[in-house]
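Morning, everyone. Please pull up the model and keep it open while I talk. I'll go through charged pairs and then nonpolar cores.

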Amino acid sequence: KASTDVHLNGVTFETWLDGKRAYALAILDRAQAAGAAEHERETALTEAQSRLASAGKGGGAEALRDCLSARTALSEALRQEAQRRAILRGGAPDAAALDARFASLQTQASERISTLLKKPQGNLAEASEALAFQLAQQGVGKSAHWLIAPFTYRDTIYPSPFGRSAAQELERAAGSSDAAGTVAGDVVLKGTFVDEGQVVRLLLVAQKSEDGRTLASASASLPRASIPKDLLLAPANLESALKEQKILGASELIPGGLKVELFTNKQANGTSQIFVAKEELKLFVRVNKACWVRLVYLLQNGRKAPIAQAWFIDEGKINQLVEYPDSFEIAPPYGAEHIQAAAFTEKPEALPTHKETLDGTEYDVVADDTTALVKHRGFTKKSKAETADTFVTITTMAAK
């Protein structure tokens, strides 16, 4: 799962008082909000076109800054267009023409930047230095507090050993740069990488932490052959992890009554959801009613290991973040994994399990597949019991 903060134009509020209880309702006019996003998109596209035209007249550092600024404006335009399409529920008849326009401008900017940078990147360290240089040219330098997440694979939410190394190299390159920059405060750096066969392309966007505004963007490529063979580009179980994520997401219940939330110790601290061998994993749950909670760990190899079959959270702990009493040490197998929380207002029957040894570690595992798991509510007859599901995704890795 992924989340983002957006600032919407045209939101109005209504409030109502009922004794000591207050209610607030936020109302968004879709047409007005979509129109505002369209206006911001066109403003950013005009800026990008103007910067590219200016860069085309010369060379050197000034032309490079113009090209980098054009690409940043394009990133902002894409963000506004994504927001517009979400507001319109995907009903954007001009989508194909806009996509072609975006692609054309992105190609122009990338080709011009490659020409102006001149020096090719031969490995990850050089690619990271090129990224840091491009950010500095756009004002994002040492004066900013960089929050760097591991690079994720393509358009998935999953990092990998390579993605972790890319983030570490970028942090090193930023630390060794002399550029102070003009941007202050917290800046979130979000990167993705794409395996294009002979080369691996890194894409990076810098956003202001407070409002998500795009500050800068950068890209660099390195030869695929320069990456050590043991540095995996994607999690080994990427295909199965995506499949399980889809099944869990489709089954997630958002009822009007019982609700459950699940967090890890890294989520609570706002850091990346990567856990390495021997690292401690803690789980936290929040519910809005007294209930029993079932926790199941979906391992990298597809096995399902129950953590708790029926953990009771009483009335005194509702609407609070409650730590599960046991903590866990990360062990193999490693990869993209999920943890599911299911809440029940009536105590559920235990899932049938058997013991298996996986990579030297013994687990109690559930025999059913993921689809059966999310449908197994533990009740043998109809009742008025309420249930709710949620899950988190983490990536586990071997220690360096």
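Let me begin with the term helix: here it is a DSSP run of H or I with at least four residues, numbered from the N terminus. One caution: this is a predicted model.

Take helix α2, which covers residues 60-87. Both R84 and E81 sit in it, three residues apart, and that is about one turn of the helix. Their side chains meet in a salt bridge, 2.9 Å from N to O.

Now, buried or exposed: which is R84? R84 is buried, with a relative accessible area of 5%. The cut-off for buried is under 20%, so R84 qualifies. E81 is buried too, at 2% relative accessibility.

Stay on E81. E81 also forms a salt bridge with R85. There the closest N and O atoms are 2.6 Å apart. E81 and R85 are both in helix α2, four residues apart, again about one turn of the helix. R85 comes out at 22% relative accessibility. Partly exposed runs between 20% and 50%, so R85 counts as partly exposed. To recap, E81 has a salt bridge with R84 and another with R85.

Next pair: R41 and E42. They form a salt bridge, with the closest N and O atoms 2.7 Å apart. R41 counts as buried at 3% relative accessibility. E42 is partly exposed, with a relative accessible area of 27%.

Which residues are linked in a network of salt bridges? The residues are E38, R41, E42, E81, R84, R85, D94, D99 and R101. That puts R41 and E42 in a network with the helix α2 residues E81, R84 and R85. How many salt bridges does a search of the whole structure find? The count is 24.

On to the nonpolar side. The largest nonpolar core has 34 residues. Inside this core, the residues with the most contacts are L135, V140, F151, F162 and L202. Several elements each supply at least two of its residues. The helices are α4 (124-137) and α5 (161-176). The strands are β3 (144-148), β5 (185-195), β6 (199-208) and β7 (214-223).

Another core lies apart from it, with 29 residues. Among them are V260, V293, A388 and I394.

That's my tour. Over to you.

Notes. Residues numbered from 1 in each chain as written. Predicted model: local features only at pLDDT ≥ 70, side-chain atom pairs only at ≥ 80, totals over all residues. Heavy atoms only, no water. Salt bridge = Lys/Arg side-chain N within 4 Å of Asp/Glu carboxyl O. Buried < 20%, exposed > 50% of the residue type's maximum accessible area, 1.4 Å probe, protein only. Core = buried A, V, L, I, M, F, W, Y, C linked by side-chain atoms within 4.5 Å.
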